[in-house]
Amino acid sequence: MNNRNPLPIEPDLLIEMYRRMLTIRFFEEAVFDVYRKGWMPGLAHLSDGQEATPVGVCMALRPEDTITSTHRGHGHIIAKGGQVEPMMAEVMGKVSGYCRGKGGEMHIADVSLGILGANGIVGGGLGIAAGSAFTAKREGKGRVSVAFFGDGAVNQGLWYETANMAVLWKLPLIYVCENNQYTEFTHWKKLTAGEGLATRARAMGMPGVEVDGNDIVAVYQAARELVEAARCGEGPATLVCHTIRYGGHHVGDPGTAYRTKEEMEEWRKKDPIQRCERLLVENGILSPQEIEATRTEIDQRIQNAVQQARQDPFPPIEEVHEHVYA
Amino acid sequence: MSTRELTFAQAIREALDEELARDERVVLFGEDVGAWGGVFRTTEGLYEKYGPERVIDTPLSEEGYVGLAVGIAMTGMHPVPEIMFGDFITLAMDQIVNQAAKMRYMTGGQVAVPITIRATMGGGRSSGAQHSQSWHAWFAHVPGLKVAVPATPYDAKGLLKSALRDPNPVLFFEDKVMYHKIKGPVPEEEYLIPFGVADIKRQGGDVTIVALSRMVHTALAAAEKLAQEGISAEVIDPRTLTPLDEETLIQSVCKTGGAVIVDEGYTRFGVTAELAAVIAKGAFDYLDAPIERVAAFDVPIPFSPPLEFATIPDEERIIQAVHRVLEGRRPQ
Ligand SMILES: Cc1ncc(C[n+]2csc(CCOP(=O)(O)OP(=O)(O)O)c2C)c(N)n1
Ligand SMILES: [Mg+2]
């Protein structure tokens, strides 16, 4: 895909987006590897293929803005500024993890970065996101709240309950639906009546926008517009990003039984990272050599994080009783 | 210290009023809690005094506004959502159990969730099976939550004020039958009651009756009748289930040698079972008879008054249980 139009965003911003997307991709690939080697317990829900959505949205945010994340949350954490070392340690259940090993792969969070938890209950974070938006409005400093969730969460009652209050009370809340086409092993169209969430959002009385979720610039621009409107007191909005996860629902599901090869090949042609690389090279922002160097650098950092996390200790048993109450 | 008589509802209202005035992070939420003043009048006048920004009428979305409150708590305020009939708390269960209760633990201590969820409990009003239940035991089962079950206006006010200063999620259960029927002395001066401290509501030496919420009054009435038979019953009110003052319960039973535990929740796997286990372990060598449990029958709360009153513990059932304990006592 050629983009000969003038670049609609700052080159430095595009480089940072690229770096974060690449970090997500390599992190997920590393977790896949770690899982297959038996170096982590539990399950692994990966988001490779979906990188442009969290990064495009989070780059439109300020540090004090908050997000809520999902079971497929590694991308959200990295996009909001999370560091791969404590993330990888958390995945392995080590004490050096963001949550001291108590959250795990599905619940990585750094609250100091405005990440208000990653939820194992599909749609469960929507209330928390709405509450953060309520506090933000009360503070009156233009902070906004973003709720990430999948196409499966749009049929949870909590979406409608919070959307109603968010519209009623003009809360600075952006609902970001990452429509990766599948809710576990079933295509979203088999589960969701009508045209999808954007239409439903408009019916609730808020903007409902759909974008190509694999186009980093499109996601960023759409998110920015909605975020800035929310900052200015215009209330909530919904952004639906169409994308795909390359892997299965979790590592162990190859993701091939319910999706065709052709379908996946079409999506691969729209790979968000390759598109970003083309944009960077064609606009003379990074040379192919610089792209290669960036890839090596990030890959190395993540490999180091894996090695470090493997050596780190598990939490001492006494910690089992800590952090139940404040 | 000057005191006056307040109803249970007035004591709750006064605690909310004082905490709204003290701490601007406190916000009330619920169905008709605002302009209407609450269906049980527990928020009367607060909307006029603190405005619609702090006393907020919500849509009928229990999961939604409790979830919203969890997020508000995580971002530095202290929300107080009200569940009009405690029966409706089922709709908010995920937000309470899977979100509020474990956010701190799952983040390795990064966040606190200072939310106080007020809910009613209690039957006896022929309100039917969906407006009469007492679900406090459920929440006492969940790590990360605290549970208060006050019995008097004095305790309700002091415990609610403590809840509103607690950095943890608190489930605060108010028996709706007590709101306007139970009156009691409440000091003019400010006071707090800490969680985890039981109160001896009546001293006695022959048997220990443990009771909570409205059942404390039923137990006290039973103790009065027992006194006429020459039986001296001690009535202990744990006041909070989590944390639980195990020591006071155990010490009382070590003294009396017998225990009857009374609760308006269900019998099976209920509060009475847990308290019986605590006493059985802590006072094993002192027990002269099996511990008796008096709780609601394990049936949906019936509508018809004779059936409903049979279901919920009353003085007679408590007295009979005390007699069984005393009869079971081995000869000295
Ligand atoms: C309330 C709830 N129901 C079911 C599940 C089991 N589950 C985990 S992920 C998932 C699919 C979610 O699909 P979607 O929201 O599209 O997110 P994706 O996995 O595609 O990122 C399901 C059904 C759950 N975790 N929570
Ligand atoms: Mg999906």
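User: Is B:Arg202 buried, partly exposed or exposed?

Analyst: In this predicted model, B:Arg202 counts as partly exposed, at 23% relative accessibility.

User: Which residue does the B:Arg202 side chain meet in a salt bridge?

Analyst: The partner is B:Glu224, with an N to O distance of 2.8 Å. B:Arg202 belongs to strand β9 of chain B and B:Glu224 to helix α9 (residues 215-228) of chain B, so the salt bridge ties together parts that are 22 residues apart in sequence. B:Glu224 is also partly exposed, with a relative accessible area of 42%.

User: And B:Lys161, where does that sit, and what does its side chain meet?

Analyst: B:Lys161 lies in helix α7 (residues 153-163) of chain B. Its side chain forms a salt bridge with that of B:Glu190, at 2.6 Å from N to O. This pair links distant parts of the chain, since B:Glu190 is in the loop between β8 (183-187) and β9 of chain B, 29 residues apart from B:Lys161. B:Lys161 counts as buried because its relative accessibility is 0%, the threshold being under 20%.

User: Which residues are linked in a network of salt bridges with B:Lys161?

Analyst: The network links B:Lys161 and B:Glu190 with B:Arg4, B:Glu14, B:Glu18, B:Glu19, B:Arg22, B:Asp23, B:Arg25, B:Lys157, B:Arg165 and B:Glu188.

User: How many salt bridges are there over all chains?

Analyst: The count comes to 43 salt bridges over all chains. One of chain A's joins the side chains of A:Arg20 and A:Glu16, at 2.8 Å from N to O. These two residues are 4 residues apart in helix α1 (residues 11-36) of chain A, so about one helical turn separates them. A:Glu16 is partly exposed, with a relative accessible area of 28%.

User: How many salt bridges are counted between chain A and chain B?

Analyst: The count between chain A and chain B is 0 salt bridges. There are, however, 17 residue pairs in polar contact between the two chains, with both residues at pLDDT 80 or more.

User: Which helix supplies the largest share of the chain A side?

Analyst: That is α5(A), which supplies 9 residues. Both α5 (126-139) and α6 (157-168) of chain A contribute at least two residues each to the side that touches chain B. By class, that side of chain A has 18 nonpolar, 12 polar and 9 charged residues.

User: How much area do chain A and chain B bury between them?

Analyst: They bury about 3,100 Å² between them, 65% of it on carbon and sulfur atoms. Within chain A, the residues that lose the most area to chain B are A:Arg138, A:Tyr325 and A:Ala326, together 20% of what that side buries. The contact takes 39 residues from chain A and 43 residues from chain B.

User: Changing topic: what are the protein donors of the magnesium ion, ligand 2?

Analyst: The donors are A:Asp151 through OD, A:Asn180 through OD1 and A:Tyr182 through O, lying 2.0 to 2.1 Å from the ion. Their spacing in sequence is D-x28-N-x1-Y. A:Asp151 and A:Tyr182 link distant parts of the chain, being 31 residues apart. A:Asp151 is in the loop between β3 (145-150) and α6 of chain A, and A:Tyr182 is in strand β5 (residues 182-183) of chain A.

User: Are those two buried or exposed?

Analyst: A:Asp151 counts as buried at 3% relative accessibility, and A:Tyr182 counts as buried at 7%.

User: Back to chain B. Which residues of helix α10 are buried?

Analyst: In α10 (residues 246-256) of chain B, the buried residues are B:Thr248, B:Leu249, B:Ile250, B:Ser252, B:Val253 and B:Thr256. Their cover includes β9 (199-202), β10 (207-211), β11 (233-237), β13 (259-266) and α11 (271-282) of chain B.

User: What follows α10(B)?

Analyst: B:Gly257 follows α10(B), with a positive phi near 80 degrees. The C-alpha atoms of B:Gly257 and B:Asp288 are 5.4 Å apart in space, although the residues are 31 residues apart in sequence. B:Asp288 is in the loop between α11 and β14 (292-296) of chain B and is partly exposed, with a relative accessible area of 22%.

User: What about B:Thr272, where is it and what does its side chain contact?

Analyst: B:Thr272 is in helix α11 of chain B and counts as buried at 0% relative accessibility. Its side chain makes a polar contact of 3.0 Å with the side chain of B:Arg293. Beyond residues up to four places away in sequence, B:Thr272 touches several others, among them B:Ile261, B:Val262, B:Asp263 and B:Val294.

Notes: Residues are numbered from 1 along each chain as its sequence is written. Chains are lettered from A and ligands numbered from 1 in the order in which they are written. This is a predicted model: local features need pLDDT of at least 70, side-chain atom pairs count only at pLDDT 80 or more; totals for chains, interfaces and linings use all residues. Side-chain values use heavy atoms; hydrogens and water are left out. Contact means heavy atoms within 4.5 Å. Buried area is the accessible area (1.4 Å probe) that two parts lose on being put together, summed over both. A salt bridge is a side-chain nitrogen of Lys or Arg within 4 Å of a carboxyl oxygen of Asp or Glu. A polar contact is a pair of N or O atoms within 3.5 Å; within protein, one must be able to donate a hydrogen and the other to accept it, and residues adjacent in sequence count only if both atoms are side-chain atoms. Ala, Val, Leu, Ile, Met, Phe, Trp, Tyr, Cys and Pro count as nonpolar, Asp, Glu, Lys and Arg as charged, and the others, Gly among them, as polar. Buried means under 20% relative accessible area, exposed over 50%, partly exposed in between (1.4 Å probe, protein chains only). Donors are N, O and S atoms within 2.8 Å of the metal (3.2 Å for Na, K and Ca); water is not among the atoms, so sites may look incomplete.
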